[in-house]
Structure formats: C-alpha cells, structure tokens
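User: I'm new to reading protein models and I'd like some help with strands and helices. Could you walk me through a few features, starting with a sheet?

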Amino acid sequence: MKVPESVRDIPREELFVGGHGLCAGCVAGTIARHLVKMAGPNTIVVSSTSCVEVSTAFYPYTSWRVPWIHVAFENAAAVASGIESALKVLARKGAIDPSRRINVVVYAGDGGTFDIGLQALSGMLERGHKVTYVVYDNEAYMNTGIQRSGATPPMAWTSTTPVGSKVRGKEGRKKDIVAIALAHGIPYAATANPAYPLDMDAKFVRGLSAPGPSLVHVLMPCTTGWRFEPRIGIKLARLAVETGMWINYEVVEGRLRVTTKVPKRKPVEEYLRLQGRFSHLTPEEIREIQNTVDREVDRINALAGEIAIGPVAR
Amino acid sequence: MTLASTRVKVATANEAAAEAVKDVDVDVVAIYPITPQTTVVEKIAEFVANGDLDAELIYVESEHSAMSALIGASACGARAFTSTSSQGLIYMHEVLHIASGMRLPLVMCVAMRALSAPISIWNDHSDLMSVRDSGWVIYVASSAQEVYDTTVMAYRLAEDPEVLLPVMVAYDGFIASHTAEPFEPAGRERALELSPKRRTWSRLDPDSPITMGTITSPEYYYEFKYQQVVAMEKALEKARELERAAQRVLGRSYGLIETYKIEDADVALLVMGSYWDNARLAVDEARRRGTRAGALRLRLYRPFPLEELERALRGVSVLGVVDRAISYGARPSGPIALEIAASIGRRLDLSLVSIVAGLGQRTVTVEDLTELAVSLENARGARDAHLVTRFYGVRGL
C-alpha cells in the first residue's frame, strides 16, 4: 500500500461499482469507492446497518467486488473483531495462506458509530484488533429519514429536533468521536473530507498500515438530510474546511498534525446558508456557531503547535 | 480396571463443555463472564494459556458483541464458540436470529438461568424458552458426559452442508454447571473423527468475493426464511443419524428423547435437563406406591422430535409436563405443555397436565416429583386438564 501523491497514484480498478441505490449526489458512495481502491482486493469490508448497507447490497445485487458483510446496526466493530481474529488463527493453522495480508475495514455511519455502535467500537479499539474503522458522518440518522444523532451539529434542523417557537433545532454539541477513539491509545486517528481526496486517501492508507486499530472520521454531505442541491455535495464539503466547520487533521502516536491548512477562513455563514437544515438560523445564532468554531480552531491550533487554521477573513 | 476407565475424569458440565471445545479444535472463542456460565470460558482460557488449544480468544465487552464477533469469525471459515446464561442470552437475542439467518454453523453452550426482575442467578429454563424461535438447533443435556458428547456432536450437525444451522447445547445452571461428576472425554482424535473440520459454508474470501447480510425485498425474504424451515427438517433427520454416528465413534448415544419405564406406563412425567435422574427415581417410588408411572426427557428441543414423542406416549393416559419457565398469559402457561397440547394433545388419547415448578431453582425433590407423578392419576380422562397450569410449590396458593 502506497500513500498516493497525485491522482495518478489512485488505482483505476473499481472495487465498489455503480448500479446501487444511493441518492443522486450522495457522497457516501464516493468515499466508499476511494476507500476500497486504497485498500485493494485483499480486503474484507464490514458495514453496519446504514444508507450504504441498504442501497449497495440489495439482494440479489451488490456493488462490492471485495468480500463484504453486514450483520446489524450496532455491531460492525465486533464483527470486524471476529474477522480479524479468525484470519489470524486460520493463517496460524495453515487454513489460509499465512503470507497474505488481508485488510479488515469497517465502513459505518455516524449513528452506527457515535451512538448505538459506540460500545462495540470501544471494545474493538481497546482490544487492539488491527481494523481500520471508517465512519462516514452525515450528521444524522439519514437511513431512517433525518433524525438527530450524537453527530448532529448544534442548531441543525432534523425530524426529531424540529424548529418551533420553543426549540431551535438540535440542542447540545456534536460528539468528538476522534477524541473518544484516541482515548483508547490507538496508533492512528484522523479526520478526512471527500473534497480533498488525496488527503483522504492518504489517511485511509495510513490507517490501513497502522500497527493497530485506526479510525478515520469522514465528513459526508447528505443532499437529502442537509437539503442542498445534489450537484454541490463536494463544494459543501470543501466549504466546511474553508470555514473551519471541519478541520482535516491526523493524530499519529498521539501527535496531532493539521493536514489541510487554511490560512484565511471564510465565515461559517457561507457554509450554513447553502443548507436547508440551517435555513432558520438568525444572525445571532450564526454568530453563536461562529464563536464555537473559533474556539475549536484555537483548540486544534494549540494541539498542532502552530496557526494551521487562520482567522476569519471578511 | 478397564483401559477406558482410566480416562474418566471428575468434572462439572461447564468443564466438560470446555473440554469438548478443546477436543474439536475450535478456532475462535468469545469470552464474556456471566454466572453460572463463566467457568466454561475460564477453562478454555486455561487450555489456551497452557498450549492445549490453539485458538484466538476475543475478550468481548458484551454478549451482543460475543455473538457478533463469532458471526464474523464463522463467516471467515473459523470454528467458533461461546457460552452464556440468562440476561446474556437475552442480550444477544437480536444477533441469534442473524446467525441462523446467515446459516453460520456456530455452537454455543447455555448454562440455563432464571431471568430478571428480580435478579436470580439460579437455575430454570426461562432464558432458553425466550430464544426458542431464533432458528437455532437446541439440545438440552442432563449430565456432564452428555454436555461433552453433545458439544462435540453439535459441530458435525451444524456444519453438515444440508443443515448449516447454529446449535445451542443447554444444561441447567449450577445443578449441572457446578456439580462435579464422573465423565469420560473422547479425546481429540475421536472428537475430530466424529466432527472433522470441513468448511462447508459460504465464506468471506478475497479470492472469490461474496456479499453477506444483504437487505431483501418482499420478493425474496420469505424464501430465505422458508429455507431455514427446510434446514430444521433436515436437522431432525441428521440428528437421528448423528446419534448412530456418536454410538459408533464415542461408544455412547442418547436418542432425541430418553424414556424410563414408559413401555407399560399409565401416567408419565416429561422433564428436560437435570431433573432426569430425580424423575427416574420418582418413577420407581410412584410404582412402589401403586401408580404405573414412567418418565420422558426431551433431549432435542429444536427441531421438535414429535415422532419419537408420539411413539413413546402410545398407551400413556396422562402426561404431566414439568415446565421450568412461564409463558405469561398463555393456557397452559408452561411453554412445553403448550407445545405438546398443540402438536399431539388431540392426536393421542391423552390427558395433558401442565405443571410449572422449580423456578429460580426452587428445590424440587424426588419426593415432589413422586407426588406429581402419583397425582396425575386424578386427571385420567380429563380432556381440559391442560388448560389449567399447576404452579407447583408456589407459596400462597
């Protein structure tokens, strides 16, 4: 496995193929396609119950050209633990080729990771299974129709956090899944964003090459749940980084490095205004979100030991 | 002393289960503690620590993850095992259905225990009865020897390419799980002769990728489920053959049901698990008191050995079914009595008496079973006896 330096390094071979039932403009398919390209054919993919599961493995069809398994919603990390253990013992006993390295990859959504799947994820990370866990984060339960999850950002409209005269969307903060993963002392964790595919792919490779469990948290703009035009998914993903709503970084053996530097930030309003889920926000509420983002930028800069993300340029 | 007897050990049912896991060369074991199952996995960990078994142990964080991890391991072609009890079995209930639906040949021991609330760590069959419709083959063993033999046999049945269903080997918590008794392990050579390692099922293999655990439309789902019905029917047939194979290889077999003095019995008690010894003593005692009693034990519970049961019950006029679980609000309230009432109650000229006893390990002695057997005489000719369940031994009645 090689860290790609240009798009020419990305394998042409398609291991995740079309004909699936993902929404027009869905970015989850883009991320999946890149993930299995980087992992290659010697890979077993585990999915939790999610949009990707129900739309890419609809019997008798499949979009997966690598062995793929789905068991339930909350247990992808546990299933992957079993697969990784089985591969080890079967290689040791000579039932499969011991010289062959088979990647075990989880591809799961934010609900199946931040919420119902957190216990299984914690168990897998704590036990040290060599599994690369990729969470695609569309910031709500999109498979069941836009209900809030632990990954939903503050003040976002969802069908279970509707905007009314008393409630202004989701209350409380977004769970920091990378910090939770890192608390297990794992060798590699990163955030990634499909608008920066080389950076994202490099993180998949580093995760797959890590000497233990790894987690890559990927932002996944959801046209249906966020309410934007299907053609602007990648544009929104880029705006998330340009506004500091999303910071691309990685943590290798405890050291944090920002991988997409943003010397001058755009105001968060540019990101928020393109999405129906934030259309109710007042200027005061947007200022509140801006303040939260500013504080997070300061925190990450401090951890990185440099001004990797600059101030807002108006 | 014969040569065979030198192999005899003293062990609990839990230790016997672990011994069987070692002898059939299990590859992956998920470990999570729950009383009274825990010593099974402790013993397996000991075997691995001493180099007697080469297996990967997964120290899962819950029973739900235990079953999930085993599904992953089995999907890769590994021989996988776990054991549990009570709340643990109920906690993995969701995934039990998935294991059987994916047709993975897992084997699990269940040291049966009562369910909360209130918490009871003691024995009854409430946990097993709650998962009886999860598509697993279910054996209920009555001794350490039988637990060993059945666990070895379970892999052969589960991995039979015409079956491919997961198998539970259940036995009574504490009464069997913690009672040491003599047993004779077959040893690895004979265990693997009976249950050779053959990867007969579809697996996750990068050389020929398959997709497992898909979503299905109304167009296909029903056929998947029907195939499980067919597999259960096949399992019944194969379970009968398996008894003959076990007799040949291990020198022991049990039948799908066991009977005692049933041939000339007028009334009979049906039990499962470790009540079997006491039931037989009770039969002798009842006969001394002038009641022509017999006893039966269901060893295979799923698939249900209806033919064997019918054959045994010909000539019996009253059958008392001792249930150790309650189907709340059902008439009768004993799950096995309910099932027998539905399946053979009307086909045989039989009065059925539903008895619930021994919940949360309330003591049931030989005397109690004798009293129950003798009292069956009162129900002779009563067609509706089964509609009222006798909650034997409960205070305040």
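Analyst: Sure! Strands of a sheet pair through backbone hydrogen bonds, either parallel or antiparallel. In this predicted model, chain B has an open sheet of seven strands with mixed pairing, in the order E3-E2-E4-E5-E7-E6-E13.

User: Which strands of chain B stand at the edges, and why is one side of each left without a neighbour in the sheet?

Analyst: Those are strand E3 (56-58) and strand E13 (300-302) of chain B; each has a single partner strand, so one side stays without a neighbour in the sheet. As for twist, neighbouring strands of this sheet are turned by 20° against each other on average, if you ignore direction.

User: How do E5 and E7 of chain B pair, parallel or antiparallel?

Analyst: Parallel: strand E5 (residues 107-112) and strand E7 (residues 167-172) of chain B are joined over six bridges. To find one of them on screen, go to B:Cys109, whose bridge partner in E7(B) is B:Val169.

User: What packs on the sheet?

Analyst: Helix H3 (residues 63-75) of chain B does, touching E2, E3, strand E4 (80-84) and E5 of chain B. The direction of this helix makes about 165° with that of E4(B). Chain A joins in too: its own helix H3 (residues 76-92) lies across strand E2 (28-30) and E3 of chain B, running at about 165° to E3(B).

User: Now strand E11 of chain B. Are its residues buried or exposed?

Analyst: Buried, five of five, in a strand that spans residues 267-271. Both faces are covered: B:Val267, B:Leu269 and B:Val271 lie on one side, B:Ala268 and B:Leu270 on the other.

User: Which strands do bridges join to E11(B)?

Analyst: Strand E12 (residues 293-298) of chain B runs parallel to E11(B), with five bridges between them. There, B:Leu270 has B:Leu296 as its bridge partner. From E11(B) the chain crosses through helix H10 (residues 275-288) of chain B to E12(B), a right-handed β-α-β crossover. Strand E14 (residues 318-323) of chain B is parallel to E11(B) as well, through four bridges, and B:Ala268 pairs up there with B:Leu319.

User: And how do I read two packed helices?

Analyst: Two packed helices are described by the angle between their axes and the distance between the axes. Take helix H7 (residues 144-159) and helix H9 (residues 221-249) of chain B: the angle is about 135°, and the axes are 10 Å apart. That angle is why H7(B) counts as oblique to H9(B). The crossing is right-handed. Residues making the contact include B:Met153, B:Arg156 and B:Leu157 of H7(B), along with B:Ala235 and B:Leu242 of H9(B).

Methods:
Residues are numbered from 1 along each chain as its sequence is written. Chains are lettered from A and ligands numbered from 1 in the order in which they are written. This is a predicted model: local features need pLDDT of at least 70, side-chain atom pairs count only at pLDDT 80 or more; totals for chains, interfaces and linings use all residues. Side-chain values use heavy atoms; hydrogens and water are left out. Buried means under 20% relative accessible area, exposed over 50%, partly exposed in between (1.4 Å probe, protein chains only). Helices (H or I, at least four residues) and strands (E, at least two) are DSSP runs, numbered from the N terminus. Two strands pair if DSSP finds at least two bridges between them. A crossover is right-handed if, with the strands pointing away from the viewer, the path from the first strand over the helix to the second runs clockwise. Axes are lines fitted to C-alpha atoms, for helices over the stretch in contact, and angles run from 0 to 180 degrees between N-to-C directions. Angles under 35 degrees count as roughly parallel, over 145 as roughly antiparallel, 65 to 115 as roughly perpendicular and the rest as oblique. A crossing is left-handed if the near helix is turned anticlockwise from the far one by less than a right angle, and right-handed if clockwise. Contact means heavy atoms within 4.5 Å.
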